[in-house]
Amino acid sequence: MKPIKKLRTEFGRIPLKFTIWMYFIGFTIIVFVLLWLFQILFLEKFYTQSKLHDVEDSAFQIISAYKTEGTKGFTDTLTDVASENDLCIEVVDKFGRHLYSCEYSVNCLIHGKDKSIYYYQNQIEENGNEPIWQEITNPHNNYSMVLFGCVLGDKSNPSGYLFINTALVPVGSTVSIIKRQLMIITFILIFFAFFISLYVSRRIARPIDRLTIAAENLAKGDFNTRFDGRGYLEAKQLADALTYAEKELSRVDMMQRDLIANVSHDLRTPLTMLKAYAEMIRDLSGDYPEKRNEHLEIIINETDRLSLMVNDILDLSKLESGRQKLETSEFEIRERLEKIIAGFKGISDKKGYSIHFAPDEKRVVRCDIVKIEQVIYNLINNAINYTGKDKQIFVRQINCSDGVLIEVEDTGDGIDSDKINLIFDKYYRSENHKREVVGTGLGLSIVKAVLKLHGYDYGVRSVIGKGSVFWFKIGDVIVDSAQ
């Protein structure tokens, strides 16, 4: 076994199986320490306290029987109590005359020729008729004896006196026997505890060790790692959590690869065109204003496209990292929708698209106006890219009791049901389209990030061959205003 200091150096702390083993051994030692303390050091004191408690309980039983049955009817109680507890009992009247006696203890102090009933009776009277306790050494055998005395009846006018005497049997020989037994039992149990705790600690740590090795393989990029959680419930739960993390990491890794590939492709195209047209201006059209202006226009368009892509990537990065903060304000949503749709009039007139707006009553909402405008703009732009040959797009405002529902519908080919969950991922583009898609491929990802930042519900409904409806609900309604 490696030294603890070396284990700490390698792992930062003691391994689990060694820790469990130490706790198990420590628990065993504590049990034996307590056992030795109570069975050896405190045995005599515990025995004395128990004996005094038995005498007190016996006196209480006798006094209770005397109160209910009187001096003539409680002899059976006296006999039973004396025999069960090895007691000497003497009951006398207020003049010290014998009423009842019973002897079940060796060399009793209150019976025989050396009895001192009158002496103890005087002590009770001197104590104000309060009970007396005395621990006396018996002169005949040097045993410690306990003597208890109390009045029977009313303390101010007692009808008699009760005396109880019992021997405190020496426990030295008993302690010696117990000590030898405990010594043997201690060595045997420590031997078994050592090996049982070692086995149990290894068995408990084994699933963790397996999961640790599998987690290290996952950290190295092996996304086919199998997490074995056999052993106990917590290991199974940890294995399930790691399996879920593996699936998510695999998905993120795939998305990252796709992101790099798509960004590289989308950046390479405008950069190539920028270089090509710049060279054409240098070599061919530099002296021809018409051609030069045409080439410069292409360079400007490609630069705008490149700038848009970089801005989208930066915006999405800020949103997903949590560094982007909301700047909320109150505004009327219907007017804002009308303004955004009016902004698409140029492309509608130029390319023949028709954007139909179905408003509801005016309603004031509170949210980040810039980011919500970006959401609506991206959804309409997405609908333009994927709508059908009729080039129809429908925007609807639906006021609800708990918010405002915004829907953007296209008449395109729709989205396959197994692809709907991917539609908001970075750079994912539906294969069900007939024209070239304009944009960076990050529009819906930005929509998702903005709506999650607001805490708004969103989603998509789609029917193959009929189109798709993208929707989200603004939940922060301030006031309703009649149209």
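**Helix α9**

I began with the outward side of α9 in this predicted model, where K339, A342 and G343 are exposed; I take exposed as over 50% relative accessible area, buried as under 20% and partly exposed as in between, with a 1.4 Å probe and protein chains only. Helices here are DSSP runs of H or I with at least four residues, strands are runs of E with at least two, and both are numbered from the N terminus.

On the other side of α9 I found I333, R334, L337, I340 and I341 buried. Seen down the axis of α9, these buried residues fall within an arc of 125°, so they line one face of the helix; the arc is that of the directions from the helix axis to the C-beta atoms. I noted beside this that an α-helix has 3.6 residues a turn, so residues three or four places apart point the same way.

**Conventions**

I number residues from 1 along each chain as its sequence is written. Because the model is predicted, local features need pLDDT of at least 70 and side-chain atom pairs count only at pLDDT 80 or more, while totals for chains, interfaces and linings use all residues, and side-chain values use heavy atoms, with hydrogens and water left out.

**Salt bridges**

I counted a salt bridge where a side-chain nitrogen of Lys or Arg is within 4 Å of a carboxyl oxygen of Asp or Glu, and the structure holds 12 of them.

I looked first at K362 and E335, whose side chains meet in a salt bridge at 3.8 Å, N to O. This pair links distant parts of the chain, with K362 in the loop between β7 (354-358) and β8 (363-367) and E335 in helix α9 (residues 333-343), 27 residues apart. K362 is partly exposed at 26% relative accessibility, and E335 is also partly exposed, with a relative accessible area of 44%.

Helix α9 enters a further pair, since R336 forms a salt bridge with E373 in which the closest N and O atoms are 2.8 Å apart. Here E373 belongs to helix α11 (residues 369-386) and R336 to α9, 37 residues apart, and E373 counts as partly exposed at 24% relative accessibility.

What does the salt bridge of K473 and D402 tie together? K473 lies in strand β12 (residues 467-474) and D402 in the loop between β9 (392-400) and β10 (403-410), so the pair joins parts that are 71 residues apart in sequence; the closest N and O atoms are 3.4 Å apart, and D402 is partly exposed with a relative accessible area of 46%. I also recorded one network, in which salt bridges that share partners join R396, E407, E409 and R461.

**N378**

Staying with α11, I checked N378, which is found in that helix and is buried, with a relative accessible area of 14%. Leaving aside neighbours within four places in sequence, N378 is in contact (heavy atoms within 4.5 Å) with G443, I446 and V447.

**The five-stranded sheet**

I then traced an open sheet of 5 strands in the order β2-β1-β5-β4-β3, with antiparallel pairing; two strands pair if DSSP finds at least two bridges between them. The edges are β2 (98-103) and β3 (132-137), each with a single partner strand, so one side of each is left without a neighbour in the sheet. The twist averages 15° from one strand to the next, and I take axes as lines fitted to C-alpha atoms, for helices over the stretch in contact, with angles from 0 to 180 degrees between N-to-C directions.

Strand β1 (residues 88-93) and β2 pair in the antiparallel sense over 5 bridges, and the bridge partner of C88 in β2 is E103. Helix α4 (residues 75-85) packs on the sheet, touching β1, β2 and β5 (158-168), and its direction makes about 30° with that of β2. Helix α5 (residues 117-126) lies across β1, β3, β4 (144-153) and β5, running at about 115° to β5.

**Positive phi**

Most residues other than glycine have a negative phi, and I marked two that do not follow this. N129, in the loop between α5 and β3, has a positive phi of about 60° and counts as buried at 13% relative accessibility. K391, in the loop between α11 and β9, has phi near 60° and is partly exposed at 25% relative accessibility.
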